[in-house]
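Open the model in your viewer and set it to cartoon. Keep the selection box at hand.

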Amino acid sequence: MAADSVERAILIEASPEVVWGVITEPEQISRWFSDEAEVEARASADGTLTWKPGGRGGEKQFDSIVPIRVVEAEPFRQFSFRWNHPEGAGPDENNSALVEFSLIEEANGTRLRVVESGIDAVTHDEESKARYLEDHEHGWEKHLGELLDYLASKSRGATR
Amino acid sequence: MATAVVEDDALWAAVADPTRRRVLDALLEHGQATTTTLAEGLPVTRQAVAKHLAVLNRVGLVAGRRRGREVRYAVRPERLDDAAEAMARVAAQWDKRLARIKRLAESVQAEARIDPQQRRRTQ
């Protein structure tokens, strides 16, 4: 795993078809991700995610509109997109982060895995950095990614 | 704030390199080490290790202390924690999003299961 990537997974008691709908349909995306979404689950489709003042974006004064481009959309299996590239520019690995969802059917539901990589590519300007690092809810320290858990435990060891 | 952003960019760049992460790992393991002792345990030259240490030193991830003719390097854990913290926040955001996706999908699924039964009952 790259230094600037995180990987998380969760088991959902629902079919891959249902989970696919929740992660790709704009009206569902606006219930777990941005406040508004214009996205189409089709490779190369460009869209936007919008965070509104008073919404999930926290204490913003204006709408925050983030470009998104679908990379891969294989129904019920894979959905990936690049986001946070500069407006008007095509996304590439130097100016955007890549989010990859994979859906794996299990006996009692679907394992949903997400990997976000290239985070350092989008933390160069202050606004996008703030968006990444701004976290109005507490408790994040409980959720260290595997690599960072490892680094942190080693660094604590080194302090002693 | 602008300075902090520049500093963090350099921090990201410093830990993004796999060899530098190995240098960090080795330093964490040894507590402190010289360029020569680090190079012995890594598949790179002493010169390469010296360059990596210079990058890590510039962003504050390691600090060197001169003892006689040699410099001993050690990790500065507080800087390592800064890098870890930023990544942990991104991970935590995904945990929250995944938890919301789970709630949504499971409620959609539950409705889909109840509907046919209700239909049967009303028939």
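This tour goes chain by chain, then to the cores. Bear in mind throughout that the model is predicted.

**Stop 1: chain A, overall**

Select chain A and colour by secondary structure. You should find 4 helices and 7 strands. Walk from the N terminus and the elements read β-α-α-β-β-β-β-β-β-α-α. Chain A has 160 residues, and 38% of them are buried. Of its contacts with a separation of 6 or more, 41% are between residues 24 or more positions apart.

**Stop 2: the sheet**

Stay on chain A and show the strands alone. The 7 strands make an open, antiparallel sheet in the order 1-7-6-5-4-3-2. Which strands sit at the edges? Select 5-12 for strand 1 and 36-38 for strand 2; each of these edge strands of chain A pairs on one side only. From one strand to the next, the twist averages 20°.

Now zoom in on the strand 2 edge. Strand 2 of chain A pairs with strand 3 (residues 46-51) of chain A over 3 bridges, in the antiparallel sense. Pick A37(A): opposite stands L49(A), in strand 3 of chain A.

**Stop 3: the helix across the sheet**

Select residues 16-24 of chain A. This is helix 1, and it is mostly covered, with 7 of its 9 residues buried. Show side chains for P16(A), V18(A), V19(A), W20(A), V22(A), I23(A) and T24(A); these are the buried residues of helix 1 of chain A.

What does helix 1 of chain A lie across? Add strand 1, strand 5 (78-83), strand 6 (97-106) and strand 7 (109-117) of chain A to the selection: helix 1 of chain A lies across these four strands. Relative to strand 6 of chain A, the helix runs at about 160°.

**Stop 4: chain B, overall**

Switch to chain B. Here there are 5 helices and 3 strands. Along the sequence the pattern is α-α-β-α-α-β-β-α. Buried residues account for 32% of the 123 residues in chain B. Among contacts between residues at least 6 apart in chain B, 46% join residues at least 24 apart.

**Stop 5: a helix crossing in chain B**

Select residues 18-30 of chain B (helix 2) and 46-58 of chain B (helix 4). Their axes come within 10 Å and cross at roughly 85°. The two helices of chain B are therefore roughly perpendicular to each other. Show T19(B), R20(B), V23(B) and L24(B) on helix 2 of chain B, then V49(B), H52(B), L53(B), V55(B) and L56(B) on helix 4 of chain B; these residues make the contact. They divide into 6 nonpolar, 2 polar and 1 charged.

**Stop 6: the nonpolar cores**

Bring both chains back. The largest nonpolar core has 37 residues. Click V19(A), L112(A), I101(B) and A105(B), the residues with the most contacts inside this core. From chain A, strand 1, helix 1, helix 2 (26-32), strand 4 (64-74), strand 5, strand 6 and strand 7 each supply at least two residues of this core, as does helix 5 (77-122) of chain B. Helix 5 of chain B gives the most, with 10 residues.

Centre on A105(B). Leaving aside residues up to four places away in sequence, A105(B) touches I12(A), A14(A), V18(A), V19(A) and V22(A).

Last selection: L53(B), L56(B), V59(B) and V62(B). They are among the 16 residues of another core, which lies apart from the largest one.

How values were computed. Residues are numbered from 1 along each chain as its sequence is written. Chains are lettered from A and ligands numbered from 1 in the order in which they are written. This is a predicted model: local features need pLDDT of at least 70, side-chain atom pairs count only at pLDDT 80 or more; totals for chains, interfaces and linings use all residues. Axes are lines fitted to C-alpha atoms, for helices over the stretch in contact, and angles run from 0 to 180 degrees between N-to-C directions. Angles under 35 degrees count as roughly parallel, over 145 as roughly antiparallel, 65 to 115 as roughly perpendicular and the rest as oblique. Two residues are in contact if their C-beta atoms, placed from the backbone, lie within 7 Å. Ala, Val, Leu, Ile, Met, Phe, Trp, Tyr, Cys and Pro count as nonpolar, Asp, Glu, Lys and Arg as charged, and the others, Gly among them, as polar. A residue is buried if 20 or more other C-beta atoms lie within 10 Å of its own, exposed if 12 or fewer, and partly exposed in between; C-beta atoms are placed from the backbone. Two strands pair if DSSP finds at least two bridges between them. A nonpolar core is a set of buried Ala, Val, Leu, Ile, Met, Phe, Trp, Tyr and Cys residues joined through C-beta atoms within 7 Å.
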